[in-house]
Amino acid sequence: MGAWLDANLVGVVNGFAIGFLLFIVAVGLSLVFGMMDVLNLAHGAIFLLGAYVGAALAGGNPSWGGFLGALGLSALLGLAGGGALSAMTEPLRKRSHLDQALLTLGVTLVVAETLVMVYGDDPLAVGAPPGLDGSVPVLGAFYPTYRLVLIGIGAVLAVLVYLVVERTTLGALVRATVADRDMVAALGVDNRLIRVGVFAFGSMLAAVAGVLGGPIYGARPGLDSTVLILALVVVVIGGLGSVRGALLGALVIGQVDSLGRTLFPDVASFVLFGALALVLVVRPRGLFGGKLGVRS
Amino acid sequence: MSPLLDVRRLRSGYAGSTVLDGVDLTLTAGTTLGLLGRNGVGKSTLVMTLMGLVPTTSGTVTLDGAPLPTRPHRIARAGVALVPQGRRIWPPLTVGEHLKLAARHARTGSWTRDAVLDLLPRLAERLRQPAGSLSGGEQQMLAIARALLTNPRLVLLDEPSDGLAPAIIEAIVEVIGRMRAEGVAVLLVEQDLHLALAVCDEIAVMDRGVVVHRTDTESFRSDPETAHRLLGVS
Ligand SMILES: Nc1ncnc2c1ncn2[C@@H]1O[C@H](COP(=O)(O)OP(=O)(O)OP(=O)(O)O)[C@@H](O)[C@H]1O
Ligand SMILES: [Mg+2]
């Protein structure tokens with residue numbers, strides 16, 4: 001075990017960095033799907049938007065001002081985008097997931113094509129801000145500082161989101177809406193406000209994740225679907241509408257993705273979906289999902 | 001005295017099927033109306049339509065003379081509360097969280113958190129327990145507490161006694177008595193005829209989407225043939 005960890009330490013730490021980033025992306029997707037029963041395939045496009053904002057404002061050798069500016073701008077764009085998506089999918093709320101998927105897929109194509117028209121289709125590199133662009137020794141290996149910081153930021157965000165959802169009244173409202181939204185409305189709460197709020201909040205996190213992930217993934221066409229698929233796998237594994245599930249699922253998928261790439265580079269994506277299939281066989285509702293049984 | 005709730009020619013249903021086919025119903029403040037009828041005649045659909053959770057096709061509903069709003073949260077704020085069939089508490093939330101959310105948009109009135117916990121002391125001992133781990137009776141108490149905390153003028157109670165032991169049913173009877181004493185109107189959907197006769201001032205019977213019979217409880221009790229014909233019970 002010790003020798004294995006020595007050899008794969010970088011892979012494991014990478015897995016955590018990717019895992020926390022995935023959590024930031026997936027938690028919004030999970031809440032919107034779990035609460036409002038809206039399948040939002042445009043979530044990846046919001047991430048991509050954030051990635052390009054990062055590339056545009058921060059670029060290859062970013063200043064702190066550029067990096068923080070990109071975070072702020074992407075957060076605003078994410079909020080606005082989430083609000084717009086919420087309004088667009090509202091009329092489809094009672095329709096099938098397929099209708100919602102088609103609409104949000106269309107939005108994804110429009111966003112992605114617009115970004116290609118503006119920035120071209122070459123991948124853009126995004127650097128880490130000064131001071132975080134070096135490497136630090138971790139148990140004998142050198143590891144990019146930024147990724148360690150990303151793990152820290154991800155962990156703090158995860159704890160914050162967890163505390164808000166699990167410990168505050170607002171969070172109780174969100175969890176109640178996941179469990180049975182009609183009964184929330186029957187107590188005088190306007191479901192539409194919760195829906196817009198969660199949509200905007202989740203999209204904000206996805207856009208911010210696009211900037212945060214810049215130094216790892218850069219900004220390039222197709223990144224939206226890569227990230228969306230990973231996030232969907234996380235949501236399926238973790239269970240709809242569960243913050244704890246999204247965190248655990250993201251950390252598992254981060255490790256599977258990272259170690260899969262280093263240990264079995266040829267079949268990495270099969271490893272990912274193998275893990276998904278395994279979870280679905282053992283726990284069809286995901287690790288923390290219980291929603292299907294709630295309304296029986 | 002003009003009725004608190006006035007339902008006229010109400011029609012509603014689900015995609016492609018009409019369930020309520022012109023319901024007429026009135027309910028006076030401070031009285032309890034028992035709504036009886038065989039399975040599937042539309043009692044729950046009526047309750048859910050009044051709460052705005054099943055869309056109205058046509059007809060009018062007024063509450064205290066004013067048209068009832070259409071969206072459920074507005075109906076709730078106008079003073080209608082629901083204790084749905086199957087309780088529909090939120091399993092992952094604690095009892096305390098249920099009470100907190102229920103009080104969020106509550107009207108002002110005598111049903112404070114303390115008053116409700118006084119009435120339902122079993123909940124007070126379980127504030128930190130997830131509602132999904134409560135017994136069936138406790139879950140029903142919680143569903144009732146959730147409705148009471150909004151300080152409603154009209155409570156829609158859909159089969160609250162379903163599957164519960166006599167002791168719990170007695171507690172429910174007591175709660176209904178308290179609501180009536182406070183001037184709250186109660187629409188009680190009930191399969192248990194004896195319970196309905198014991199707590200209701202009036203009885204209405206539904207059949208295939210309409211109210212087919214309406215009398216005070218005394219006359220209904222003294223006319224077992226009609227009861228048998230409409231309900232298929234003796
Ligand atoms: N969500 C739904 N979608 C479609 N049809 C429904 C739905 N809920 C109820 N129905 C149908 O509407 C009709 C009336 O059902 P409803 O639940 O109102 O009856 P009920 O009088 O409350 O019966 P019970 O005494 O069994 O509770 C039934 O034929 C039922 O199948
Ligand atoms: Mg029913």
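**Exercise 1. Identify the residues of the nonpolar surface patch in chain A, and place A:Leu263.**

Step 1. The patch of about 570 Å² consists of A:Trp4, A:Leu5, A:Leu263, A:Phe264, A:Val267 and A:Phe270. Patches take residues with over 30% relative accessible area and no salt bridge, joining nonpolar side chains (Val, Leu, Ile, Met, Phe, Trp, Tyr) within 5 Å and like charges within 9 Å. Accessible areas come from the Shrake-Rupley method with a 1.4 Å probe, and for residues only the protein chains shown count as cover.

Step 2. A:Leu263 belongs to helix α10 (residues 243-263) of chain A. Helices (H or I, at least four residues) and strands (E, at least two) are DSSP runs numbered from the N terminus.

Step 3. A:Leu263 has 37% relative accessibility, so this residue counts as partly exposed. The classes are buried (under 20% relative accessible area), exposed (over 50%) and partly exposed (in between), with a 1.4 Å probe and protein chains only.

The model is predicted: local features need pLDDT of at least 70 and side-chain atom pairs pLDDT 80 or more, while totals for chains, interfaces and linings use all residues. Residues are numbered from 1 along each chain as its sequence is written, chains are lettered from A and ligands numbered from 1 in the order in which they are written, and side-chain values use heavy atoms, without hydrogens and water.

**Exercise 2. Describe the surroundings of ligand 1.**

Step 1. There are 13 residues around ligand 1, and B:Gly40, B:Lys43, B:Ser44, B:Thr45 and B:Gln191 come nearest. A residue is near a molecule or strand if one of its heavy atoms lies within 4 Å of it.

Step 2. By class, the shell holds three nonpolar, seven polar and three charged residues. Here Ala, Val, Leu, Ile, Met, Phe, Trp, Tyr, Cys and Pro are nonpolar, Asp, Glu, Lys and Arg charged, and the others, Gly among them, polar.

Step 3. Helix α1 (residues 43-50) of chain B gives the most to this shell, with three residues.

Step 4. A polar side-chain atom of B:Thr45 is 2.5 Å from an oxygen atom of the ligand. For B:Val41, a backbone N or O atom is 3.3 Å from a ligand oxygen atom. A polar side-chain atom of B:Tyr14 is 3.3 Å from a nitrogen atom of ligand 1.

Step 5. Ligand 1 taken alone exposes 640 Å², of which the protein buries 58%.

**Exercise 3. Follow two of the salt bridges and state what each pair connects.**

Step 1. The whole structure has 18 salt bridges over all chains. A salt bridge is a side-chain nitrogen of Lys or Arg within 4 Å of a carboxyl oxygen of Asp or Glu.

Step 2. One of them pairs B:Glu97 with A:Arg175 at 2.7 Å, N to O. B:Glu97 lies in helix α3 (residues 95-104) of chain B and A:Arg175 in helix α6 (residues 169-185) of chain A, so the pair joins two chains. Both B:Glu97 and A:Arg175 are buried.

Step 3. In another, the closest N and O atoms of B:Asp64 and B:Arg153 are 2.9 Å apart. B:Asp64 is in the loop between β4 (56-63) and β5 (66-67) of chain B, and B:Arg153 in the loop between α6 (136-148) and β7 (154-158) of chain B, so the pair ties together parts 89 residues apart in sequence. B:Asp64 is partly exposed, with a relative accessible area of 48%, and B:Arg153 is partly exposed at 26% relative accessibility.

Notes
Polar contact = N/O pair within 3.5 Å; in protein donor to acceptor, adjacent residues only side chain to side chain.
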